[in-house]
Amino acid sequence: MSGKPEDLIRHRVAMLYGNALPGAAMSLLATMILCRVYWAMASQAFLLGWLACISILLAVRVLLAVRYRQGAGYGQQLRWAWVATGTVGLSGLAWGMAGLVLVGVGTDEASLFFCCMGLGAVLTVSGYIAWWPAHLAFHVPLFLLTAAGFFLTGRSTAQWLALACIALCLTCAFIGHRLSRIFGRILDISARSERMATVLGAQALALEAANAKLRHLSDTDFLTGLWNRRRMMVELTQQHGQHGILLIDVDHFKAYNDELGHAAGDACLREVAHVAGRVVDRHGGTIGRHGGEEFLVLLPVASDMVAIGVAEELRLAIAAIHAGDGVAIPRGVTVSIGVATADSAVAASLRLEAADRALYAAKKAGRNRVMAFRGQITVSHAEGRSVA
């Protein structure tokens with residue numbers, strides 16, 4: 001896997017325009033300094049023309065850089081790369097023409113000063129190695145035309161300086177090419193890493209979503225959509241403080257199934273789960289399918305009477321279910337409910353056993369009722385009656 005070619009070009013071009021402003025500003029500053037040094041030795045018209053040329057190129061490069069950064073350059077990267085190369089090449093040509101003229105009219109000290117400033121200008125555009133043609137476009141005309149200027153002076157020392165300029169030109173070209181290739185590899189590795197990070201991030205999100213879905217499926221009863229017995233046991237053992245436990249059993253469910261069929265039985269359980277879920281949600285509790293036709297409810301209540309009141313509300317709401325009106329069951333059903341309240345210090349098995357004993361008592365007492373376990377006393381709540 002490697003970075004896309006268009007991505008690599010985009011990064012290279014972005015480096016070109018990112019270095020345009022400081023490079024142009026330093027070039028203008030160096031030009032002004034050299035004009036001051038050569039003011040008394042060279043044609044002032046030539047110096048002013050050179051300064052004007054560099055200033056115009058500076059303005060053009062600034063406008064192009066601003067335009068590129070505003071988003072205009074994100075569509076046709078190669079075209080913008082060659083536009084930048086052209087402007088840099090014109091700047092290098094302007095410097096080269098100045099070198100051709102100025103090294104022949106000034107003193108040896110002034111010529112050396114021009115060479116130093118020229119090297120400084122080359123360093124300011126070193127960032128152009130991101131796009132090697134732009135790097136060549138600046139320093140090749142600068143060095144070669146300056147070398148020609150030294151050759152034309154006829155001075156022996158100038159010949160060595162000319163050869164030094166040519167050597168520098170070749171060296172800069174070679175180093176620039178190597179650095180450009182290294183820069184390209186760095187961009188390629190960076191693009192590869194970015195894409196790999198994106199892929200791994202997407203895979204991690206997908207894995208997390210899959211795990212969440214698996215956790216949900218492992219905790220959910222497939223028929224009613226409520227939490228299953230395993231998850232409810234976990235919730236029961238993690239309860240803190242005083243709370244109520246309700247065990248709900250659908251009355252005569254086996255006969256309901258035998259008479260109306262399993263499809264009707266499943267619809268009955270779903271409707272009971274739906275109605276009971278709404279009531280439990282209002283009281284901030286948790287409901288799950290305990291198994292078969294039984295449901296387990298955990299309530300954050302400390303009072304026996306509050307737990308019993310919620311249980312009675314559940315019994316009445318389920319007893320009010322009638323066929324029709326969008327309810328997909330042939331006839332209504334009733335439930336028996338066992339209630340127990342306990343502290344979290346009491347073992348979960350004991351808390352559940354207490355609620356189960358109350359449920360057994362409710363069924364034995366005739367069903368369609370709520371019965372609560374208080375120590376050794378079972379209290380019945382049905383149709384407004386309470387018995388020991």
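**Exercise 1. Strand β4**

How many residues of strand β4 (residues 335-342) are buried?

*Solution.* Start with the ground rules. This is a predicted model, in which local features need pLDDT of at least 70, side-chain atom pairs count only at pLDDT 80 or more, and totals for chains, interfaces and linings use all residues. Residues are numbered from 1 along each chain as its sequence is written, and side-chain values use heavy atoms, with hydrogens and water left out.

Step 1. Fix the terms. Strands (E, at least two residues) and helices (H or I, at least four) are DSSP runs, numbered from the N terminus. Buried means under 20% relative accessible area, exposed means over 50%, and partly exposed lies in between (1.4 Å probe, protein chains only).

Step 2. Count. In β4, 8 of 8 residues are buried, so the strand is mostly covered.

Step 3. Sort the residues by direction. V335, I337, V339 and T341 point one way. S336, G338, A340 and A342 point the other way. Both sets are buried.

**Exercise 2. Neighbours of β4**

Find the strands that pair with β4, and give the sense of each pairing.

*Solution.* Step 1. Two strands pair if DSSP finds at least two bridges between them.

Step 2. Take β1. It runs antiparallel to β4, and 8 bridges join the two strands. Across this pairing, I248 stands opposite I337 of β4.

Step 3. Take β5. It pairs with β4 in the parallel sense over 4 bridges. Here V339 has A372 of β5 as its bridge partner.

**Exercise 3. Helix α3**

Compare the span of α3 (residues 44-69) with the expected value. Then list its buried residues.

*Solution.* Step 1. The expected span is 1.5 Å times one less than the number of residues. For the 26 residues of α3, that gives 38 Å.

Step 2. From first C-alpha to last, α3 reaches 37 Å, close to the expected figure.

Step 3. The buried residues of α3 are L47, W50, I54, L57, L58, R61, L64, A65 and Y68.

**Exercise 4. Aromatic contacts**

Classify the pair W95 and F114, and place each residue in its helix.

*Solution.* Step 1. Rings of Phe, Tyr and Trp (its six-membered ring) pair if their centres lie within 6.5 Å; planes under 30 degrees apart count as stacked, over 60 as edge-to-face and the rest as tilted. By this rule there are 4 aromatic pairs.

Step 2. W95 and F114 are 6.0 Å apart centre to centre, with 40° between the planes. The pair is tilted.

Step 3. W95 lies in α4 (residues 77-105) and F114 in α5 (residues 108-124), so the contact ties together parts that are 19 residues apart in sequence.

Step 4. Check burial. W95 is buried at 0% relative accessible area. F114 is buried too, at 1%.

Step 5. Extend the group. W50 joins W95 and F114 in one aromatic cluster.

**Exercise 5. Salt bridges**

Which parts of the chain do the salt bridges D219 to R230, R289 to D221 and R282 to E313 link?

*Solution.* Step 1. Side chains of opposite charge can pair when their charged atoms come close. A salt bridge is a side-chain nitrogen of Lys or Arg within 4 Å of a carboxyl oxygen of Asp or Glu. The structure holds 8 of them.

Step 2. In the bridge between D219 and R230, the closest N and O atoms are 2.1 Å apart. D219 is in α7 (residues 156-219) and R230 in α8 (residues 229-237), so parts 11 residues apart in sequence are tied together. D219 is buried at 11%, whereas R230 is partly exposed at 46%.

Step 3. For R289 and D221, the closest N and O atoms are 3.3 Å apart. R289 sits in β2 (residues 286-291) and D221 in the loop between α7 and α8, 68 residues apart. Both are buried.

Step 4. For R282 and E313, the closest N and O atoms are 2.7 Å apart. The bridge runs from α10 (residues 262-282) to α11 (residues 304-319), so it ties together parts that are 31 residues apart in sequence. R282 is exposed at 57%, and E313 is partly exposed at 28%.

Step 5. Look for shared partners. D219, R230, R231 and E235 are joined into one network by such salt bridges.
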